[in-house]
Structures are given as structure tokens and as C-alpha cells.
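Hi,

Here is the structure I promised to pass on. Have a look at it first, and then read my notes underneath.

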Amino acid sequence: IPKRPEKYLVAGRDDRKHIKNIIQNSTKNILIGTVEGIFELEHQSLKSFIETEKNDLAVKILANKINVWRIIEEMAFYWVATQEGLIKMYKNGNLEKIFAYSDTPFQSADDNIISMIKDNAGILWLGSRNDGAFKWNPKNSNLTFCQKNKSGIRSMSHNLVRSTAQDNDGNIWVGTANGLNKVNSQTGDIR
């Protein structure tokens, strides 16, 4: 563990401490998602920085001025969950907006995607602040959702979805502001 964590900050950025996601990509570089964008630390540079205690660490800005919640790596791009919806960030640096919740037929007022996983079938499960969990298929752009409803049938415990995970049986576990929900990814049943 580094002895000088303040040395890892990006100079001149007030929001540099607000880190929401860290991943290691296929080239072993570290990608850091923050409220100010996505930053990349080259593996060898980081290793040398820690071992030699130099004061310089090369930080590359991959995407600037986007509020990033989650990053998932694919072969040629990254899925990026942001304050403005789902973005595809190609490894050449180009960004493509895929959709925002407010652009969908569900007409959510808040475009923040605050949690995101890719299940074993390649489906993205996206968490929202107010509208439950969305299930999006990148192959056909089919979008469905699970949320709290008055009937209690296929109802989530709350519409604020903070985290999602898939178990070995293919079920999606959804952590909300009011507990844990188990979603059968095949039938849509919620417990």
C-alpha cells in the first residue's frame, strides 16, 4: 500500500478524490472513473512509481468532463455508465452515446446509471437512482426494467439500485436502498 496516497492525485482537479470505479484492463493498466472523467495509469509506470517513490506519475486522460459511475471492458471498447446515460468508449478514444434513460419510452427524469454489470449472456444490468434496474441487450437494443410497484408482483424492494451482481446460477442480485432482491434472469421473477 502506498505510503503517500496524496501523490496519486491528479494535479489541479478539485474532484480528483471522487473516484467511483477502478478497473485493471487487459493490458494491466489501471482505469479510474471519477466525476471528472476516466484516467489511465500505465502499469509499468505505476509499478516504477511505487517501487522508486518518485514524485511523478504519468496519468493519461481517456475521457474528460464526464461523470463516470462504472466501466466494463470489452475487446475493442468500454461500456461506461455515466451521469448522462450509457456511453461506448472505443479504445481509440472516440465516444458514442448509446442511450440515456430519458430517451427511452420509460422517460426517466434522471439519466444517472449508478451501477452496471454484464451478465453471462452479455446483457447489461443498469441501476438507476429512481427507476429500478434496467436490463439492456446490446445485440438487439432491447430494454426492459424491474422496479418497485404497488401490486407487489415482480416488484423490487426499492427503485434506488446501488449495486448488482450475478451468482453462479445466473440470478441477478440487486442491492437497493431497501434491501436485496434476487431476479431470475430467465423468467424475470423477483424475490
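Below is what I found around one strand and the core beside it.

Some housekeeping: this is a predicted model, so local features need pLDDT of at least 70 and side-chain atom pairs count only at pLDDT 80 or more, while totals for chains, interfaces and linings use all residues. Residues are numbered from 1 along each chain as its sequence is written, and side-chain values use heavy atoms, with hydrogens and water left out.

I started from β11, residues 133-137 (strands are DSSP E runs of at least two residues, numbered from the N terminus). Four of its five residues are buried (under 20% relative accessible area, 1.4 Å probe, protein chains only).

β11 pairs antiparallel with β10 (124-127) through four bridges, and with β12 (142-146), also antiparallel, through five; pairing takes at least two DSSP bridges between two strands. F134 is the bridge partner of L126 in β10, and its partner in β12 is F145.

Both pairs are hairpins. Five residues separate β10 from β11, and G132 in that turn has a positive phi of about 85°. Four residues separate β11 from β12, where S141 has a positive phi of about 60°.

Now the largest nonpolar core (buried Ala, Val, Leu, Ile, Met, Phe, Trp, Tyr and Cys joined through side-chain atoms within 4.5 Å). It has 17 residues, and L124, L126 and W136 are among those touching the most other members. β5, β6, β10 and β11 each supply at least two residues, with β6 giving the most, three.

Cheers

Notes: Buried < 20%, exposed > 50% of the residue type's maximum accessible area, 1.4 Å probe, protein only.
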